Amino acid sequence: MFLRTPKPRAMFKQWYKWIQNRPTKRMVVTHLELPDKSEGDKKQYRILNLSNGVNAMLISDPTAPEGSSSNLSAAKTPSKQSSTTTLEQFHGKLAACAVLVNVGSFSEPYEYPGMAHFLEHMIFMGSTKYPEENAFDSFIAKCGGFSNAHTENEDTCFYFEVEEQYLDKTMDMFMNLMKSPLMRQDSMTRERSAVQSEFEQVYLVDEVRRDQILASMAGEGYPHRTFSWGNMKSLKEMVDDDHLHQTLHEFRRKHYGSNRMKVCLQATLSLDELEELLVRHCSTIPQSEEPTLDISKYNYRDAFQDRFFKEVLLVQPMEDVCKLEMTWVLPPMRNYYKCKPDTFIAHLLGYEGVGSLCSYLRRRLWCMSIMSGVGAGSFDTNSIYSLFNICIHLTDEGFAHLDDVIAATFAWIRLINECNALHEPYGELQQIAANNFRFQIEIPSMDNVQSIVDGMRFLPPKDALTGSQLYFDYDEAVMQMVRQHLTEFRFNIMISSHIRYEHHDYDRREPWFGTYYTSIGMPDKWQEMWHNPVPHAELTLPQPNPFVTTDFTLQWLHAGKPHLSRRPKPLIRNDICELWFRQDDTFLLPDGYVNIYMITPIMRRSARDYVTGVLFTYLVEFYIAEELYPALMAGLTYGLDAAEKGLILRVSGYNQKLPLLIDIIVKVMKNLVVDVAQVMSFRELKKRQLFNAVINSKSLNLDLRLSVLEQMRFTLMEKYEIVDNITVDDILKFRDNFYKQMYVQALIQGNFTEQEARDITQKILNTYENQKIDNLIDQHNRIMQLPMGEHYLRVKTLNGEDPNTIIVNYYQIGPATIKMEAMLDLVDLIVEEPFFNQLRTKEQLCYSLGIFQRIGYGIMAYMLIINTQETKFNADYVDKRLEAFRLRVPIIISELSDEEFEQMKDALLNNKRLGDHGLFDEMVRNWGEIVSMEYVFNRNEIQIQILPSITKQDILEFLAFNQDTNMRKLSVQVVGSSKVSRRSLTDLPEAISDAVSARHSSTTGLGRRPGSLAIILDEVQRNISEEQLLFEQIGDRIHLEFIGDTGDDKHIMDVAAFKKKLFVYPHIVVNPKYHGL
């Protein structure tokens, strides 16, 4: 008999597998101190350590049904006797888990920049127990869940959410990825492409480019000198795949282990049940071969080279922006989380109210916004240092007065540094933070576990929840330490501008992103300004905040907990106004939302009137920005926006001061003083916004599609061509006339009484004394019925250097029913993962794609969307591949077993039964019904009633009917350039897209605040420098080039002519009870 002797390598693999999975001694669990929590937080917490090193927080959420499966099942199964489903049944929440591994880009091998990020991707490619490459992704998608991960400089975070009934199996699959991932070599090609795609997404983001330039100035031997994103150049070019694969596994064994893992697990299960889950799934995770990176050998004072402080960096931005940044290097600020001195000083420096630096600069039209503080990204703050940044977004006029801007900034810094009366403003900020923590709004489970696990690495158990939220104590020594750093002339100045500073050429290029920049010595005049700043009398410290809430009475409790309908009720119903009201009896927070839609025929009259209305809202926001900035600081938000039928005023936050906020805004709207210089500035701003939208393939595609489908629409081109003609008189006429004929739709929801809601609405009506609109229904848009067959609208991108092709295939069905909505929701859920797997993973057609339903003005459709690159695949080919997949959808559904179909249906049902995370979710749903004039406030409940009866055959017949007898396709394609001539040192990426899913948070300072004028002004800063060049070259003579055969009726070459032949769907009356209010 012949015996086959195992080879040494195979024996080693068997031995290693046994070691990894061998029986372990009994796991020891150590419970730690409980975290402090807010008085309104009903969740239960437990923090513990496992003897293998895992540190975990468990969260049991009793706001959902109790954790036993019988109770959970009962809550999620509608009664067969019940003819109605009530919102009281909707309390379920998704379970979520986050794992933070204490290793990131700082630890990766110098020869493979981006390896930590690459490893994050490879981890998901199957495990020893579940070897199929997409097993985890496929399973979690079928269970109505979601998963993702992101890599930072010191940590890598993996997370998922899933229906609780699948939590055990998901945890098993998830933790097996952590302890024994396969990471096969043949998976590297696909995942390198995914890493490259993420790099391409952020390739044009100035904040990311800024970080990489600063990284090149890191101190010798410091780990932040790396290129953390990774791309094909760092992971493929001149790389031996065998060696890379071996190094990848070595890197994981060295750094991924139980002793370097933080876990946060949240569900409705009891704490004991959660602990049992944790121990069972995490106790066999082996420890890492190496400890964490030794940070003690690094000193923050040496984190950057001397030239960082002695040179001014002049950078050519990709956005159309002028930006002045000053950056100080501080010790790691996370060590001072109790006092938060950096956040407090940033609050003062970035203040935008009366007497502030921002106010001083804005009054001269030199500045758009100021942001200050330590950024949230791991390059800005880590265990070695923190970068404190002041960022001033300048106008072109401000750039021309750069010395004056710098002089005022230095005077502002000196004023704050030398102030001896900081206890009072600190106490005010401390009180606001305490209020926010006390009445914190619930966030989704997955967001919550991510936030908590991120802080677990440096916060002690007692402060795990409060550490990032509260200002504990004013520490004079710590405060003085930060102020001392800010008094030193030891900071970096970076100027990013498409206008060259003093004609200096951008003669250097950063190698990874290809950013053009140069550096000059620090000018003597700026040093003199710093050491001897001239006081500015207009600059003063903030006054006490009049918008801080003092009354937190909960009106529903105060009224004795009356029974309330879960749907809003109409308090006013006449020919000039409809007021809908719902008092909160669910979330029990002193919050409120007030939405006012001022519908006026003027907005429908012409493109000129519409754009005038937009400029009116900008001027109002500019006028109130200083006065209402304290309101933003106190937890209130506001916004005034132009919509298709009129103006929408929104305010929200602590309800006590919201009537005051509305009163101030409405008075300014009524009595706006219009300044010629401001009109000119905002007119130019709007022109840039419109130009950027036309240049951007995604927004142009949307505009073209809606131009075909909507009966009434002013196109981007129409708005762009008229904006220069708008005058001060136009603004004044709009101010004085928009309300003459006006219909008000209002929703007031939250911690209000009915009388308060009536008073708020009546005050607006009394201010304007509006008359009724003669025919209100004519203000409501309608949809054109597409002809049978396929029709194509193709245009070339206006940017010859942009290879992106955006294809949206729109398939019109007809008047929507709630059953149709439910069926298409189910189709979306079934085919989403196969769609992604086939077109993105297997065929590599793109990185960004989507499939979903669309209901516009009562007309239903579904859409396939893909962002591809013309340099890789031409639009015709991609359209054919989309069609090929669409035609396979019935096959995919028919191949599901009855059990699999019911599982998908249950997943959708359970998702629809999930409770709202907060009052905002409930308000958005109600507001959507009001604005659309459909008023089906129980839409979700009806779908839940319908879904159980939907069969596989129902769906197949529905799809077959719309394919065979109702095929109405509109394919809108903005076709990118097939030849990109200009290249960077790294080659211009072929998949540049908006960086909406950037894995690093790299925004400077504390971020935008809702209602801040900066939100408006920031919209224009989206175009790249090539678009700026295009604007200068063709800004006044934009012309869209249509592609197609003029002799082929399938090709739309003239939108207006095409629409003349089409039938217009009538206005769809969904709920006759409220029609014509």
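Q: Is the crossing of α22 and α23 left-handed or right-handed?
A: First, know that this is a predicted model: local features need pLDDT of at least 70, side-chain atom pairs count only at pLDDT 80 or more, and totals for chains, interfaces and linings use all residues. Residues are numbered from 1 along each chain as its sequence is written, and side-chain values use heavy atoms, leaving out hydrogens and water. A crossing is left-handed if the near helix is turned anticlockwise from the far one by less than a right angle, and right-handed if clockwise. By that rule, the crossing of α22 and α23 is right-handed.

Q: How many Å apart are the axes of helix α22 and helix α23?
A: Helices (H or I, at least four residues) and strands (E, at least two) are DSSP runs, numbered from the N terminus. Axes are lines fitted to C-alpha atoms, for helices over the stretch in contact, and angles run from 0 to 180 degrees between N-to-C directions. Helix α22 (607–633) and helix α23 (658–671) pack at about 145 degrees, and their axes are apart by 10 Å.

Q: How many residues in the contact of α22 with α23 are charged?
A: Contact means heavy atoms within 4.5 Å. Among the residues making it are F616 and E627 of α22 and L661 of α23. Ala, Val, Leu, Ile, Met, Phe, Trp, Tyr, Cys and Pro count as nonpolar, Asp, Glu, Lys and Arg as charged, and the others, Gly among them, as polar. The split is eleven nonpolar, no polar and, for charged, one.

Q: Which strands does α22 lie across?
A: Here α22 meets a sheet. Its direction is at about 170 degrees to β18, and the strands it lies across are β18 and β19.

Q: Why do β15 and β18 each have one side without a neighbour in the sheet?
A: Two strands pair if DSSP finds at least two bridges between them. The open sheet has six strands in the order β15-β16-β20-β17-β19-β18, with mixed pairing. One side of β15 and one side of β18 stay free because, standing at the edges, each has a single partner strand.

Q: Which residue of β20 is the bridge partner of R582?
A: Strands β16 (577–583) and β20 (743–750) run parallel, joined by seven bridges. In β20, R582 has as its bridge partner Q749.

Q: Which residue of β25 is the bridge partner of N804?
A: Another open sheet of six strands runs β24-β25-β23-β26-β22-β27. In it, β23 (804–815) and β25 (859–869) pair in the antiparallel sense over eleven bridges. The bridge partner of N804 in β25 is Q869.
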